[in-house]
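Biologist: I would like to go through this model with you, beginning with its interior and then turning to the packing of its helices. Please give your reasoning each time before you name the result.

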Amino acid sequence: MMAEAGEDGPRLAELLALGRRLWDELEASTEPSSGAPAVQDKVRQGLDALQRAAAMVAQLELFSENEELEEVASTDLKFMLLPALLGALTLKQVDLSRRKEHLESAREHFLRFLKLCGNYGLGSFQLPSGTSGEEEARSPSAPKDPAQPNLVAMAMSRTAKIERYKQKKELENKLASMSSSVESGAADEDQIREFYILQIQKWIGTSLEEIESIDQELVILRNRDAARQAPTGSRGPSRPARSPVKPFILTRDAAQARVFGAGYPGLPTMTVDDWYEQRRRQGIMSTPQRVPGASDEELKKQQQETEEEEDDEQALRKARDWDDWKDTHPRGYGNRHNMG
C-alpha cells in the first residue's frame with residue numbers, strides 16, 4: 001500500500017519522521033524552561049506534522065480490527081506509533097488555562113494507541129478503566145477511607161511498575177544495538193520488523209505510565225476546581241443560633257418582685273422559685289429519675305434523700321418567712337414593758 005499524501009504534499013513517512021525528530025530534540029533539549037518560545041514552537045510543529053500523518057493513516061485505512069499482525073507490512077508498523085507520539089507531544093504544551101483539556105486529550109491519544117496494540121496482540125497489558133480516575137473511585141475494590149489505602153492494590157501496582165521498568169531497559173538496549181543497521185539500510189526485513197515491534201512495546205510501557213500520571217494530576221485539578229467553587233466560609237455545619245436571654249431581676253419572693261417591678265416597669269422580675277420552674281420546663285434542670293431494677297435499700301435511700309430535701313425546703317421557707325417578718329417589723333416592735 002502506498003503511504004503518500006500526493007504529489008504536492010509531504011509523504012506520510014516524511015511527516016512521521018519530522019514528528020519523531022522534533023520529539024527527540026525536545027527530549028534532549030537543554031532549555032531551562034519548557035515554556036520557552038523555541039520549545040513551544042517545536043511542540044506546535046511536531047503536533048501539526050503528526051496530526052496530518054494520523055489523518056492520512058485513517059484515510060488510507062492502514063490498520064483494521066479484523067486483520068492479524070502478520071498481515072501488516074513491516075514498513076507500516078512504525079505508523080502505529082502516531083497516537084502515542086501525539087499524546088507525548090500534547091503533554092508538552094504549557095498553557096495552564098487549558099491544562100485539563102490537554103491532559104484529557106493526551107489520555108485519549110495514549111488509550112487509542114493501547115487499543116490498537118491490543119487488537120494486534122502486541123504486548124501483555126490491561127487497558128486502564130474509566131476516565132481520569134473516576135472509574136477507580138466507583139470501584140468496589142477501592143478503599144472507602146482514603147486514610148486506609150488498599151495495600152494489596154498498591155503492592156500489585158508497585159510490582160507492575162518494577163516489571164515495566166526492567167522491560168523498558170531491555171528494550172532500550174536492544175533498540176540501541178539495532179538502530180544503526182536499520183537507519184543505514186543494512187538491516188533485512190525481519191530485522192526491520194523486529195525493530196519497529198520493539199519500539200511499539202517500549203511505547204506501550206510509556207503510555208501506561210503517562211496515563212497513570214495524567215489520572216493523578218486530573219484528580220488534583222478537579223479537587224482544586226471544586227474548592228474554588230465552594231461557597232466562602234463553608235468550613236463546616238453551621239451552629240443553630242441561640243435565642244438571646246431576656247434580662248430580668250431575680251428576687252427572693254413575690255413581695256420583692258412587686259417592689260422592684262414597680263421601680264423598673266421596663267424590666268421584668270422573677271422570683272427564685274419562678275426561675276427554677278422556668279429552667280425545669282426548658283429542660284436545663286431535671287430531677288433524678290428512679291433507676292429500673294433498683295433494690296429496696298436504694299429505694300429507701302432515695303426516699304430518705306427526698307425527705308431530707310423536703311425538710312430543707314421547709315427550713316428554707318421558715319427562714320424566708322422570718323426574713324419577711326423582720327423586714328416589716330422593726331427591732332423592738334411590740335415591747336411595751338419599758339415604756340413610760
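Biologist: Which residues touch the most other members of the largest nonpolar core?

Modeller: Bear in mind that this is a predicted model. In general, nonpolar side chains tend to be buried together in soluble globular proteins. The largest nonpolar core here holds 56 residues, and the members of it that touch the most others are Phe-63, Phe-113 and Leu-122.

Biologist: Which helix gives the most residues to this core?

Modeller: At least two residues of the core come from each of α1, α2 (37-60), α3, α4 (99-119), α6 (151-184) and α7 (189-229). The contribution that ranks highest is one of 12 residues, and it is made by α7.

Biologist: What does Phe-113 touch, not counting residues up to four places away in sequence?

Modeller: Phe-113 is one of the residues with the most partners in the core. Leaving out residues up to four places away, its contacts include Met-80, Leu-81, Pro-83 and Ala-84. The remaining contacts of Phe-113 are Ile-200, Trp-203, Ile-204 and Ser-207.

Biologist: Is Cys-117 buried or exposed?

Modeller: Cys-117 lies in helix α4 and, neighbours within four places in sequence aside, is in contact with Met-80, Leu-122, Phe-125, Ile-200 and Ile-204. Residues count as buried under 20% relative accessible area. The value for Cys-117 is 0%, and therefore Cys-117 is buried.

Biologist: How far apart in space are Cys-117 and Leu-69, C-alpha to C-alpha?

Modeller: In sequence, Cys-117 and Leu-69 are separated by 48 residues. Their separation in space, taken from C-alpha to C-alpha, is 9.5 Å.

Biologist: Are α4 and α7 roughly parallel or roughly antiparallel?

Modeller: The axes of α4 and α7 are 9 Å apart, and the two helices pack at an angle of about 150 degrees. Angles over 145 degrees count as roughly antiparallel, so the arrangement of α4 relative to α7 is roughly antiparallel.

Biologist: How many charged residues does the contact of α4 with α7 have?

Modeller: The two helices cross in a left-handed sense. By class, their contact has 15 nonpolar residues and one polar residue, while the number of charged residues is eight.

Biologist: What is the orientation of α1 and α3 to each other?

Modeller: Helix α1 (residues 12-27) and helix α3 (residues 82-90) have axes that come within 11 Å and cross at roughly 40 degrees, and the crossing of α1 past α3 is left-handed. An angle under 35 degrees would count as roughly parallel, and the range from 65 to 115 as roughly perpendicular. The angle of α1 to α3 is in neither range, and their orientation is therefore oblique.

Biologist: Which residues of α3 are met by α1?

Modeller: From α1, the residues that take part are Leu-16, Arg-20, Trp-23 and Leu-26. By class, the contact of α1 with α3 has seven nonpolar residues, one charged and no polar ones. On the α3 side, the residues met are Leu-82, Leu-85, Ala-88 and Leu-89.

Biologist: Where is Glu-61 found, and is it buried or exposed?

Modeller: Although not a glycine, Glu-61 has a positive phi of about 55 degrees. Glu-61 is found in the loop between α2 and α3. Its relative accessible area is 60%, and residues over 50% count as exposed, so Glu-61 is exposed.

Note on methods
Residues numbered from 1 in each chain as written. Predicted model: local features only at pLDDT ≥ 70, side-chain atom pairs only at ≥ 80, totals over all residues. Heavy atoms only, no water. Axes fitted to C-alpha atoms, helices over the stretch in contact; angles between N-to-C directions. Helix = DSSP H or I, 4+ residues; strand = E, 2+ residues; numbered from the N terminus. Left-handed = near helix turned anticlockwise from the far one by under 90°. Contact = heavy atoms within 4.5 Å. Nonpolar A, V, L, I, M, F, W, Y, C, P; charged D, E, K, R; others polar. Core = buried A, V, L, I, M, F, W, Y, C linked by side-chain atoms within 4.5 Å. Buried < 20%, exposed > 50% of the residue type's maximum accessible area, 1.4 Å probe, protein only.
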